[in-house]
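I opened this model to look up how its parts pack together, and I keep the entries below in the order in which I went through them.

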Amino acid sequence: MLKITSPEQTENIKAKDLREYIDRNIKNMMAEYNVNDLSHIGCIIILDSSEIQDFSVSEMEFVEVLEIGDTVYLHGVKILGDSYGEDTYLPVEVIRK
């Protein structure tokens, strides 16, 4: 599991397409909320496919399926407080015919 609160930390994301996607999202959120990092408003959680138990759909405000590059992700947002939330990404394997 990776917990990311700044654009610099996206360097730790192995998947290039996901890294670029998250980097853009973090920069947009920082500009929108006028903050230098996300530590006071939330974080991005990147899970490995083996960490599926850490993606609790029932705890999420909403869940969607995103295709980023060649990978499909479950993306969920969990609200932990009045002004703090977690965006979580879990790669999922999809069988295509």
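Entry 1, I68. I began with I68 and asked whether it is buried or exposed; with a relative accessible area of 8%, I68 is buried, since the cut-off for that word is under 20%. The model is a predicted one, and I read every value here as computed from it. I68 is found in strand 3, and, when residues up to four places away in sequence are not counted, I68 touches D17, L18, Y21 and Y73. I also looked up the pair I68 and K16, which are 52 residues apart in sequence and 9.7 Å apart in space, C-alpha to C-alpha.

Entry 2, helix 1. Three of those names sent me to the helix, and I noted that helix 1 covers residues 16–33, has 18 residues and reaches 26 Å from its first C-alpha to its last, close to the 26 Å expected at 1.5 Å a residue. Which residues of helix 1 are buried? I found L18, I22, D23, I26 and M30. They lie on the same side of helix 1, because they cover an arc of only 135° around the axis. I set beside this the general rule that an α-helix has 3.6 residues a turn, so residues three or four places apart point the same way. On the face of helix 1 turned away from the buried side I noted the exposed residues N28, A31 and E32. The buried residues of helix 1 pack against strand 1 (2–4), strand 2 (42–46), strand 3 (62–68), strand 4 (71–81) and strand 5 (84–92).

Entry 3, the end of the helix. Just after helix 1 comes N34 with a positive phi of about 55°, and I marked this as a positive value in a residue other than glycine. For comparison, most residues other than glycine have a negative phi. N34 lies in the loop between helix 1 and strand 2, and N34 is exposed, with a relative accessible area of 70%.

Entry 4, the sheet. I traced the strands next and found an open sheet of five strands in the order 1-2-5-4-3, with mixed pairing. Strand 1 and strand 3 are the edge strands, each pairing on one side only, and neighbouring strands of this sheet are turned by 25° against each other on average, direction ignored. How many bridges join strand 4 to strand 5? I counted nine, and the two strands run antiparallel. Helix 1 packs on the sheet, touching strand 1, strand 2, strand 3, strand 4 and strand 5, and the direction of helix 1 makes about 175° with that of strand 2.

Entry 5, the hairpins. A hairpin joins strand 4 to strand 5 through two residues; within this pairing I noted that G81 stands opposite Y84 in strand 5 and that the bridge partner of G76 in strand 5 is T88. Strand 3 and strand 4 also form a hairpin, with two residues between them, and G69 in the turn has a positive phi of about 65°. Seven bridges join strand 3 to strand 4, which run antiparallel, and the bridge partner of V65 in strand 4 is L74.

Entry 6, the cores. Which residues have the most contacts inside the largest nonpolar core? That core has 13 residues, and I listed L18, I22, I26, I44, I46 and Y89. Helix 1, strand 2 and strand 3 each supply at least two residues of this core, and the largest share, four residues, comes from helix 1. I then followed I44, which touches L2, K3, I4, I22, I26, M29, L38, D87 and Y89, residues up to four places away in sequence not being counted. Apart from the largest core lies another, of six residues, among them C43, L47, M60 and L90.

Entry 7, I13. My last look was at the loop between strand 1 and helix 1, where I13 is found; I13 is buried, with a relative accessible area of 2%. Leaving aside neighbours within four places in sequence, I13 is in contact with L2, I4, L18, R19, I22 and I46. The C-alpha atoms of I13 and S49, 36 residues apart along the chain, are separated by 14 Å.

Notes:
Residues numbered from 1 in each chain as written. Predicted model: local features only at pLDDT ≥ 70, side-chain atom pairs only at ≥ 80, totals over all residues. Heavy atoms only, no water. Expected span 1.5 Å × (residues − 1). Buried < 20%, exposed > 50% of the residue type's maximum accessible area, 1.4 Å probe, protein only. Arc of directions from axis to C-beta. Contact = heavy atoms within 4.5 Å. Core = buried A, V, L, I, M, F, W, Y, C linked by side-chain atoms within 4.5 Å. Pairing = 2+ DSSP bridges. Axes fitted to C-alpha atoms, helices over the stretch in contact; angles between N-to-C directions.
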